[in-house]
There are 2 protein chains.
Amino acid sequence: MNNPAKQQNARTAITPTREQDFPEWYQEVVKAADMAENSPVRGSMIIKPYGWALWENMTRIFDAWLKDYGIQNAYFPLLIPVSFLAKEAEHVEGFAKECAVVTHHRLEKGPKGGLVPAEAAKLEEPYVIRPTSETIIGDAMARWVQSYRDLPLKLNQWNNVMRWEMRTRLFLRTSEFLWHEGHCAFETAKEAEADTLHVMGLYKRFFEEYLAFTGFVGPKTAEERFPGAINTIGFEAMMQDGKALQAATTHDLGQNFSKSIGIKFQGRDGKEAFAHTTSWAYSTRTLGGMIMMHGDDDGMIMPPRVAPVQVIVLPVIKDEAGAGALMDFCNKIADDLKKAGVAVKVDSRDMRTPDKMWEAVKKGIPVRVEVGQREMEANSVTFVRRDLGKDSKTTCTVPEFLAKVSGVLDDVHNGLLSRNRKFRDDNTFDGKGVSDIKDFFAAGKMGFVRVPVETLKDEALEKVKDEFKLSTRCMPFEDEGKKVLIAKSY
Amino acid sequence: MNNPAKQQNARTAITPTREQDFPEWYQEVVKAADMAENSPVRGSMIIKPYGWALWENMTRIFDAWLKDYGIQNAYFPLLIPVSFLAKEAEHVEGFAKECAVVTHHRLEKGPKGGLVPAEAAKLEEPYVIRPTSETIIGDAMARWVQSYRDLPLKLNQWNNVMRWEMRTRLFLRTSEFLWHEGHCAFETAKEAEADTLHVMGLYKRFFEEYLAFTGFVGPKTAEERFPGAINTIGFEAMMQDGKALQAATTHDLGQNFSKSIGIKFQGRDGKEAFAHTTSWAYSTRTLGGMIMMHGDDDGMIMPPRVAPVQVIVLPVIKDEAGAGALMDFCNKIADDLKKAGVAVKVDSRDMRTPDKMWEAVKKGIPVRVEVGQREMEANSVTFVRRDLGKDSKTTCTVPEFLAKVSGVLDDVHNGLLSRNRKFRDDNTFDGKGVSDIKDFFAAGKMGFVRVPVETLKDEALEKVKDEFKLSTRCMPFEDEGKKVLIAKSY
């Protein structure tokens, strides 16, 4: 039982495997990694400490990037008057459908006991819990923007939003989720467009450089745009089942919202003009995407640069007599790692070593260090990379380990990123048009099909999309607008 | 107009003054400092970037302290089933009254146009937007805690909550507000009590050492306890109008919630036992308290250690020819300050210098640096402390300023803290009983009246409290439980 490599060969830590049942594998990975669970509130999840710590790392780093770009954080109300939602014609169609509606402001004892909404406390105008904040932030912008001198106005908030969902899955589709939402107003159309490109560039760089998370980036087709936008750019990631997950979007709202809400200003020419606005976001959904992109049949693999725990140290205690000295040795290693800026944890719990080892595997901790009597006597450690498993098992002296650990974490990151890029490329297939799309999915294959954009004009496309539940994902920048990706999606 | 000292003598930046109309002065300070504003959502505020930056500093620092104490952050649902709220008898009385109630999950077009809640989408059981999360977190704890090995369980979340308010004031009383809420479960009553004392100790230290915010700390009287708690410890701060503001509380919930929700565990003796739980919080309300404790008739005074901008540099441009060199000189000073870890901003906007100066005053930036041609030629700066105004005007060389700036910021902090402590002590009056309380408030005086705790048993107390709208604030630890503070409060 002390040889993880042997055990890894014998069975997988997660049942079922990805091959056997991908959706069920996903749920089991989330559970085994202790990242989140369903709550008694329909469609709302509890993000557990380990999942939250990952989200905190993702927010802290990216928030600093947004500030470097000149974004100011602020906070706008959770509730939105229903009349606000109705201001932008497409927006209302896109969001009014499934919203949590607040109709009363008090409970009272009901006739059958229990508590019921108090009739006397019925609101004149109901509110919805924000599904997104374009309208309420736009309303503030309309007050704050008077002159071109007030522009650009670049705002962001990290908050919770709610879109009522009937079929929910942890992180991927929940009624309440957390995100950041940026909202900017500019003098010119050019600046607004540049903003959506710049922020998508930040997303791409952050996803790749910190999350080892890869995807295709490009404009969405008209039908897939954010309701009310003149252009939406998407980051489309491929999950290990070949489905697409939209992991971030930036929207050029043109003057649609500024005209309906009244964000106008006196321009440099003295004339009144409407601002050009944008909005953009990524959410806790990306956590689900990271599980489905990085995880394997033994559970989660945390990308090292945002991992809540980068290195775990397991003291392998054989006899109680030597336990104290071994713990001291492990703690000393951990202290030195901390000084080097590594997020390290010593698992000193009173549990069997194999159980601790498997927990570390399932939680996806990038580097696992095992220290027994023999290692201590040689002032050495044995370490294993989570992404490579037994093949990476290495023994070296403690000074050597301290010198190389940040390089090892980089190697894990780079390994994940290149593996994911290869998977994406290996599962993206070129086609000439609708019939190639149909043949591909009719054969039970999964992945992205890349076809010429002219395919969008083919009337036969809709039928094939309906038949196989496909959607257009984006028109990748790398294909210079000449191709469009078609896939099943989350 | 270029002499701020003279102008400060001539008039105040805020109208009315504190003396003239304290509540109105408060609203004007919030507005002039550009920290927050009312929103179109009844009772909900918009926290503007400058106010939010202060809150971010307050959360970042304190969050690290909580982590040092072993707290794990997590995230629990925004919505709470009404039946949950009803689980703890006192709790339901305390919180069910004024809640935002979610009754529908969809809108549809109404008969008269517009959008109305869809009857077909009425929820079987309504939800409330969390007024606090004891019940929903307790429900999770009941699942997570099985054995004494699972304890202590120490959780926290930074989030938004909602308690419907009819009369609202920015920061002080808003329907939606932001806070952190800690929720812990322990094996023993002793540990739970120690937790409430420890965390209150953290609050006190944080408030004093970072916010220059002082107050009295001690248990609340039974009637002022959190609904469902066996003990509540409060941090009671005195505002400049002599009213009390409860700025933080820690609650020992005993086994009330664990018994009603079912947080039980197998103890060390093998027997089943109920956990002892606690909860504690401070909120954006403290921002309002800081304004009312630190501000003066020229506006906000930001406590330096959490100030979004600690030092502002104003280039005093007399002729356009020298403007470029002067800006370079100012930017160089700012770069050197940044390297020293100072939050600095150069106000390079195309505006009149006196307007910039007054804006810096009203925003309460702790140190204002003015640099004109003369200063540049002598490689010097002139700086003014916000808390002392003209009397603190000092000219020194740039190297001298760089060497002393962190000391100056400490001086501002210490100056505010000792001034606030003195104000608190000068306005706390000892009395012997109910008649002294009555005489004090009947004479139109304001402040805290400190009387022997035996006064609480005097039946005449209720009448006096009602007459003058007084409440018991806390029984300060420093008086060893022998005294109780009576005051008007926010």
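Chain A contains 15 helices and 25 strands. The coordinates come from a predicted model. The C-alpha atoms of chain A occupy a box of roughly 80 × 60 × 55 Å along the principal axes. The radius of gyration of chain A is 26 Å, in agreement with the value near 23 Å expected for a compact globule of 490 residues. Of the 490 residues in chain A, 48% are buried. When contacts in chain A between residues at least 6 apart in sequence are considered, 66% of them link residues at least 24 apart.

The domain assignment divides chain A into domain 1 (31–294), domain 2 (301–405) and domain 3 (427–487). The centres of domain 2 and domain 3 of chain A, taken over C-alpha atoms, are separated by 47 Å.

In chain B, an open sheet is formed by five strands with mixed pairing, in the order β18-β17-β19-β20-β21. Strands β18 (344–346) and β21 (394–397) of chain B occupy the edges; each has a single partner strand, so one side of each has no neighbour in the sheet. On average, neighbouring strands of this sheet are turned by 25° against each other, direction ignored. Strands of a sheet pair through backbone hydrogen bonds, in either a parallel or an antiparallel manner. Strand β17 (residues 311–315) of chain B runs parallel to β18(B), and three bridges join the two. Within this part of the sheet, Val313(B) is placed opposite Val346(B) of β18(B). Helix α10 (residues 323–339) of chain B lies across four strands, β17, β18, β19 (367–371) and β20 (380–385) of chain B. The helix runs at about 170° to β17(B).

The contact between the chains involves 48 residues from chain A and 48 residues from chain B. On the side of chain A that touches chain B, the largest share comes from strand β5 (residues 101–104) of chain A, which supplies four residues. By class, this side of chain A comprises 31 nonpolar, 10 polar and seven charged residues. Strand pairing also extends across the two chains: β5(A) pairs with strand β5 (residues 101–104) of chain B in the antiparallel sense, over three bridges. In this pairing His104(A) stands opposite Val101(B) of β5(B).

Phe76(A) also has a contact in the other chain. This residue belongs to the loop between β3 (72–73) and β4 (79–81) of chain A. Phe76(A) counts as buried because 24 C-beta neighbours lie inside 10 Å, the cut-off for a buried residue being 20 or more. Leaving aside residues up to four places away in sequence, Phe76(A) touches Ser133(A), Ile136(A), Ile137(A), Ala140(A) and Gln157(A), together with Ile46(B) from chain B. Phe76(A) and Asn156(A) are 80 residues apart in sequence, with a C-alpha to C-alpha distance of 9.7 Å.

Several backbone features were also examined. Most residues other than glycine have a negative phi, and most peptide bonds are trans. In chain A, the peptide bond from Thr15(A) to Pro16(A) is cis, with omega near 0°. Pro16(A) is located in the loop between α1 (4–10) and α2 (22–32) of chain A. The peptide bond from Leu151(A) to Pro152(A) is likewise cis, with omega near -5°. Pro152(A) lies in the loop that connects α6 (134–144) and β9 (153–162) of chain A.

A positive phi occurs at Asp34(A), a residue other than glycine, where the angle is near 60°. Asp34(A) is part of the loop between α2 and β1 (36–38) of chain A. With 16 C-beta neighbours inside 10 Å, Asp34(A) is classed as partly exposed. In chain B, phi of Asp34(B) is near 60°, again a positive value in a residue other than glycine. Asp34(B) lies in the loop between α2 (22–32) and β1 (36–38) of chain B. Asp34(B) is partly exposed, since 16 other C-beta atoms are found within 10 Å.

Note on methods
Residues are numbered from 1 along each chain as its sequence is written. Chains are lettered from A and ligands numbered from 1 in the order in which they are written. This is a predicted model: local features need pLDDT of at least 70, side-chain atom pairs count only at pLDDT 80 or more; totals for chains, interfaces and linings use all residues. The radius of gyration is taken over C-alpha atoms; the globule rule is 2.2 Å times the number of residues to the power 0.38. A residue is buried if 20 or more other C-beta atoms lie within 10 Å of its own, exposed if 12 or fewer, and partly exposed in between; C-beta atoms are placed from the backbone. Two residues are in contact if their C-beta atoms, placed from the backbone, lie within 7 Å. Domain bounds come from an automatic or database domain assignment. Two strands pair if DSSP finds at least two bridges between them. Axes are lines fitted to C-alpha atoms, for helices over the stretch in contact, and angles run from 0 to 180 degrees between N-to-C directions. Ala, Val, Leu, Ile, Met, Phe, Trp, Tyr, Cys and Pro count as nonpolar, Asp, Glu, Lys and Arg as charged, and the others, Gly among them, as polar.
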